[in-house]
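User: I have a structure open and would like to learn how to read its features one at a time. Where should I begin?

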Amino acid sequence: GRTRFGLESAEIAEGSTADLTLFTPKGREKYTKEQIRSTSKNSIFLNAELLGKVYGIIVGDQWNLKEN
């Protein structure tokens, strides 16, 4: 997880800021260039069928939900 990238563990506590990923482990989803938000459009996972599905993320008070 986070320690691999030199980041501290996230704290889960009342009153702290939440950074969450909304997902289900059920189903499959094909990862395409259209899903990449970065200006760099490369990934070893391009066109791969991945297990699970991400619905969106919550970072602090900002919600980013997928439309489909």
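Analyst: Begin with the elements: the protein chain has 0 helices and 3 strands. Counted from the N terminus, they run β-β-β. The radius of gyration is 14 Å, well over the 11 Å that the globule rule gives for 68 residues, so the chain is more spread out than a compact globule. Keep in mind that this is a predicted model.

User: What are the spans of the C-alpha trace along its principal axes?

Analyst: They are about 40 × 30 × 25 Å. Burial can be read next to that: buried residues make up 10% of the 68 residues. The surface exposed by the chain is about 6300 Å², and carbon and sulfur atoms supply 53% of it.

User: How much of the contact pattern comes from residues 24 or more positions apart?

Analyst: Among contacts with a separation of 6 or more, such residues account for 49%. Two pairs show how sequence distance and spatial distance are read together. Threonine 17 and valine 59 are 42 residues apart in sequence, and their C-alpha atoms are 7.9 Å apart in space. Threonine 17 sits in the segment before β1 and is exposed, at 60% relative accessible area. The other pair is aspartate 19 and glutamine 62, which are 43 residues apart in sequence and 9.3 Å apart from C-alpha to C-alpha.

User: What does the side chain of aspartate 19 reach?

Analyst: The side chain of aspartate 19 reaches the backbone nitrogen of glycine 60 at 3.2 Å. Aspartate 19 belongs to strand β1. Setting aside neighbours within four places in sequence, aspartate 19 is in contact with Ile58, Val59 and Gly60. Its relative accessibility is 54%, so aspartate 19 counts as exposed; the cut-off for that class is over 50%.

User: Now charges. What is the general idea, and how many salt bridges does the structure hold?

Analyst: Side chains of opposite charge can pair when their charged atoms come close. The structure holds 3 salt bridges. One of them joins glutamate 49 and arginine 28, with the closest N and O atoms 3.6 Å apart. That pair links distant parts of the chain: glutamate 49 is in strand β2 and arginine 28 in strand β1, 21 residues apart. Glutamate 49 is exposed, at 53% relative accessible area, and arginine 28 also counts as exposed, at 55%.

User: Which residue forms a salt bridge with lysine 53?

Analyst: Lysine 53 meets glutamate 29 in a salt bridge, at 3.9 Å from N to O. Lysine 53 lies in strand β2 and glutamate 29 in strand β1, so the pair ties together parts that are 24 residues apart in sequence. Lysine 53 counts as partly exposed, at 26% relative accessibility.

User: Is glutamate 29 buried or exposed?

Analyst: Glutamate 29 is buried, because its relative accessible area of 18% falls under the 20% cut-off. Its place is in strand β1, which covers residues 19-30.

User: What else does glutamate 29 pair with or touch?

Analyst: Glutamate 29 also forms a salt bridge with lysine 66, whose closest N and O atoms are 2.6 Å apart. Lysine 66 lies in the segment after β3 (62-65), so this pair ties together parts that are 37 residues apart in sequence. Lysine 66 is partly exposed, at 28% relative accessible area. Salt bridges that share partners join Glu29, Lys53 and Lys66 into one network. In addition, the side chain of glutamate 29 makes a polar contact with the side chain of glutamine 35, at 3.2 Å. Apart from neighbours within four places in sequence, the contacts of glutamate 29 include Ala48, Leu50, Gly52 and Val54.

User: Which residues make the nonpolar surface patch?

Analyst: Ile44, Phe45 and Leu50 make a nonpolar surface patch of about 320 Å². Leucine 50 is in strand β2, residues 49-59, and counts as partly exposed at 30% relative accessibility.

User: What should I read from the backbone at asparagine 47?

Analyst: Look at the sign of phi: for asparagine 47 it is near 65 degrees, a positive value in a residue other than glycine. Asparagine 47 is in the loop between β1 and β2 and counts as exposed, at 54% relative accessibility.

Notes
Residues numbered from 1 in each chain as written. Predicted model: local features only at pLDDT ≥ 70, side-chain atom pairs only at ≥ 80, totals over all residues. Heavy atoms only, no water. Helix = DSSP H or I, 4+ residues; strand = E, 2+ residues; numbered from the N terminus. Buried < 20%, exposed > 50% of the residue type's maximum accessible area, 1.4 Å probe, protein only. Polar contact = N/O pair within 3.5 Å; in protein donor to acceptor, adjacent residues only side chain to side chain. Contact = heavy atoms within 4.5 Å. Patch = residues over 30% accessible without salt bridge, like charges linked within 9 Å, V, L, I, M, F, W, Y side chains within 5 Å. Areas by Shrake-Rupley, 256 points an atom, 1.4 Å probe, with all protein chains shown as cover. Salt bridge = Lys/Arg side-chain N within 4 Å of Asp/Glu carboxyl O. Rg over C-alpha atoms; globule rule 2.2 N^0.38 Å.
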